[in-house]
Amino acid sequence: MRAALLATVSFGTMAGTALADGEVNVYSYRQPELIQPLLDEFTKETGIETNVLFLDKGLVERIAAEGANSPADVILTVDIGRLIEAKDGGVTQPVQNDIINKDIPAQYRDPAGEWFGLTTRGRVVYASKERVPETAITYEELSDPKWKGRICVRDGQHSYNIGLFASMIAHHGADYTEKWLAGLKNNLVRKPDGNDRSQAKSIMSAECDIALGNTYYVGLMLTNDKDPEEKEWAAAIKVLFPNAADRGTHVNISGMALAKNAPNKDNAVKLMEFLSSGKAQEIYADQVFEYPVLPGAKVSEVVASFGPIKPDTLPLADIAANRKLASELVDKVGFNDGPTQ
């Protein structure tokens, strides 16, 4: 919070003033400590200094309010929903760049060049090592009655779940997905609650046997020296990558965009070129326990221990187009009311 406050004061004095040629200003939804190693390497290679403003909410509104005098150059965020929000909010501009396009596969970038993915995280199944013998699973079978009373999950309206549900619509259509959601709801052990980490805790305590969760939380729990209890939660689960034998596992992204009124546009594009490189993707992915989007780029040892991931090949832009409908279906089936007794 202190870092965010200091950054806010610094950026507040820059709005409407001439900025140095050797700087680039980053507005980030990601905590400064997670992106600092990347930015340090960029400065080391280019001599261009970076300034970071961290916001945990309201980033798009902030840039919009600053208008033409906004000091924002590059936007860094997580979740396709937030990237779409930035684009739809009119605070980004297109980038057509051969270097970036070569390093970022088409499925992980906006067709108009207004956002680009850098790392991915899988929406996977956490499964009890003790009580779940299965080594493979599909999203579709989560509605199978064999899982009744055995699944726990966070709020159905959370962006992580909405992304997955939107991908189900993209693959199967709205009618199928509505029925699937109703089946999944009735297989829950309780009302949706908590976050992804707490689902792992619930599995360890035998409240449920499987749960939906993001891959990177497993890495965070396994390495959490400040709260060793989380290591126990992670040790109790195994990661199952749904649909590994067919279309692949649904993934979401962390990504970047060029701010609409970037005052240091040339430096901003240089930073984006650097961030798209395999070297930078590996540094970033290692920091946040995610997967580089560049095929063949290395993952950390912790992430590699989960097993190989086969990402769904549907363009994220196509999946994102179904997010509103996914949200409506969550409400329609009363997903957050929990199972019908």
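1. Helix 2 bends by about 25° at Leu-38; the bend is the angle between axes fitted to the seven residues ending there and the seven starting there. Helices here are DSSP runs (H or I, at least four residues), as are strands (E, at least two), numbered from the N terminus. Keep in mind that this is a predicted model, where local features need pLDDT of at least 70, side-chain atom pairs count only at pLDDT 80 or more, and totals for chains, interfaces and linings use all residues. Residues are numbered from 1 along each chain as its sequence is written, and side-chain values use heavy atoms, leaving out hydrogens and water.

2. Staying with helix 2, its buried residues are Pro-32, Ile-35, Leu-38, Leu-39, Glu-41, Phe-42 and Thr-43. Buried means under 20% relative accessible area, exposed over 50%, and partly exposed in between (1.4 Å probe, protein chains only). Just after the helix comes Gly-47, with a positive phi near 80°.

3. On to charges: there are 20 salt bridges in the structure, each a side-chain nitrogen of Lys or Arg within 4 Å of a carboxyl oxygen of Asp or Glu. One of them pairs Asp-79 with Arg-323, with the closest N and O atoms 3.6 Å apart. That pair links distant parts of the chain, 244 residues apart: Asp-79 sits in the loop between strand 3 and helix 4, and Arg-323 in helix 15. Asp-79 is buried at 4% relative accessible area, and Arg-323 counts as buried at 15%.

4. Lys-102 and Asp-103 also form a salt bridge, 3.1 Å between the closest N and O atoms. Here Lys-102 is exposed at 62% relative accessibility, while Asp-103 is buried at 9%.
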